[in-house]
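Welcome, and thanks for taking a look at this one. Please have the sequence and the 3D view open side by side as you read.

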Amino acid sequence: MKYKSIIAAVAVTALFVGNTANAQVNTKDTIATSKVQHFNFDDMASETIGKGIQRKWFYGEKGQMTIFNLEKGAHIPWHQHPNEQITYIMSGKVKIKTIIDGKETFVEVGAGEVIVFPENVPHEFWALEDTVDLDVHVPVREDWLSKELPEYLKKSK
């Protein structure tokens, strides 16, 4: 099971990096001006952004990656953003409210599963158990670049 999670995480990362690399490396000039970045999630400090919600994140020119640690019962309120979001549940389980085929729908997503939210599709999360969630957002979440939390996170319960 652990190898399955690692393979899925690598696949999500490869998708993100592959799309970013293809977008950035088109000519000799872009190769010379592109900045390679290297991060280690284990070395990053977590920031608490709501009750039972910690995150570690980084961003590149085109997108970002985040690891959320959600304690059982943590809640990320209803929100939407102009970014595609790919969510991979590394461990644990969440209940998600979103819009599917024009209707509010609840979906449970557990370890090893992925859900993709197109841009501007509202969604809300509840951690059904302690959960590790790897998210990729493209483009970069501009609302995360300031030190001020977005309004919806200020409402997390």
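## The largest cavity and its surroundings

The lining of the largest cavity draws at least two residues from each of β4, β9 (123–127), β10 (131–138) and α3 (151–154). Do keep in mind that this is a predicted model. The points below start with that cavity and then move on to a pocket, the two sheets, some backbone details and the confidence values.

**Cavity**

- The count of cavities of 30 Å³ or more comes to 1.
- The volume of the largest cavity is about 100 Å³. It is lined by 14 residues, and those closest to its centre are Phe68, Ile76, His79, Gln85 and Asp135.
- Strand β10 gives the largest share of this lining, with 3 residues.
- Sorted by class, the lining of the largest cavity holds 7 nonpolar, 4 polar and 3 charged residues.

**Second largest pocket**

- For the second largest pocket, the volume is about 170 Å³.
- Its lining includes a run of residues that you can follow along the chain, namely Asp143, Trp144, Leu145, Ser146, Lys147, Glu148, Leu149 and Pro150. Glu47, Arg55 and Trp57 also line this pocket.
- The lining of the second largest pocket is made up of 5 nonpolar, 5 charged and 1 polar residues.

**Four-stranded sheet**

- One open sheet has 4 strands, placed in the order β4-β9-β6-β7 with antiparallel pairing. Because β4 (75–79) and β7 (103–110) are at the edges with a single partner strand each, one side of each has no neighbour in the sheet. From one strand to the next, the twist averages 20°.
- Within this sheet, β6 (residues 93–100) runs antiparallel to β7, and 8 bridges join the two.
- If you would like a spot to look at in this pair, Lys93 stands opposite Gly110 in β7.

**Six-stranded sheet**

- Another open sheet has 6 strands, and here the order is β1-β2-β3-β10-β5-β8, again with antiparallel pairing. The edge positions belong to β1 (47–50) and β8 (114–117); each has a single partner strand, so one side of each is left without a neighbour in the sheet. The twist in this sheet averages 25° from one strand to the next.
- Strand β10, which contributes 3 residues to the lining of the largest cavity, sits between β3 and β5 in this strand order.
- Antiparallel pairing between β5 (residues 84–91) and β8 extends over 4 bridges.
- In this pair, Tyr88 stands opposite Val114 in β8.

**Backbone details**

- Val138 and Pro139 are joined by a cis peptide bond, with omega at about -10°. Pro139 is placed in the loop between β10 and α3, and both of those elements supply at least two residues to the lining of the largest cavity.
- Asp101 is a residue other than glycine with a positive phi, near 55°. You will find Asp101 in the loop between β6 and β7, the two strands joined by 8 bridges.

**Confidence**

- Across the protein chain the mean pLDDT is 85, with 78% of residues reaching 70 or more. The pLDDT is below 50 over residues 20–26, and this stretch has 8 contacts in the model beyond near neighbours in sequence.

Note on methods:
Residues numbered from 1 in each chain as written. Predicted model: local features only at pLDDT ≥ 70, side-chain atom pairs only at ≥ 80, totals over all residues. Heavy atoms only, no water. Pairing = 2+ DSSP bridges. Axes fitted to C-alpha atoms, helices over the stretch in contact; angles between N-to-C directions. 1 Å grid on protein atoms, 1.4 Å probe; cavity = no way out; pocket = protein on both sides within 12 Å on 5 of 7 lines; lining within 4 Å. Points joined across faces, edges and corners; volume = space filled by probe spheres on them. Nonpolar A, V, L, I, M, F, W, Y, C, P; charged D, E, K, R; others polar. pLDDT = per-residue confidence, 0-100. Contact = heavy atoms within 4.5 Å.
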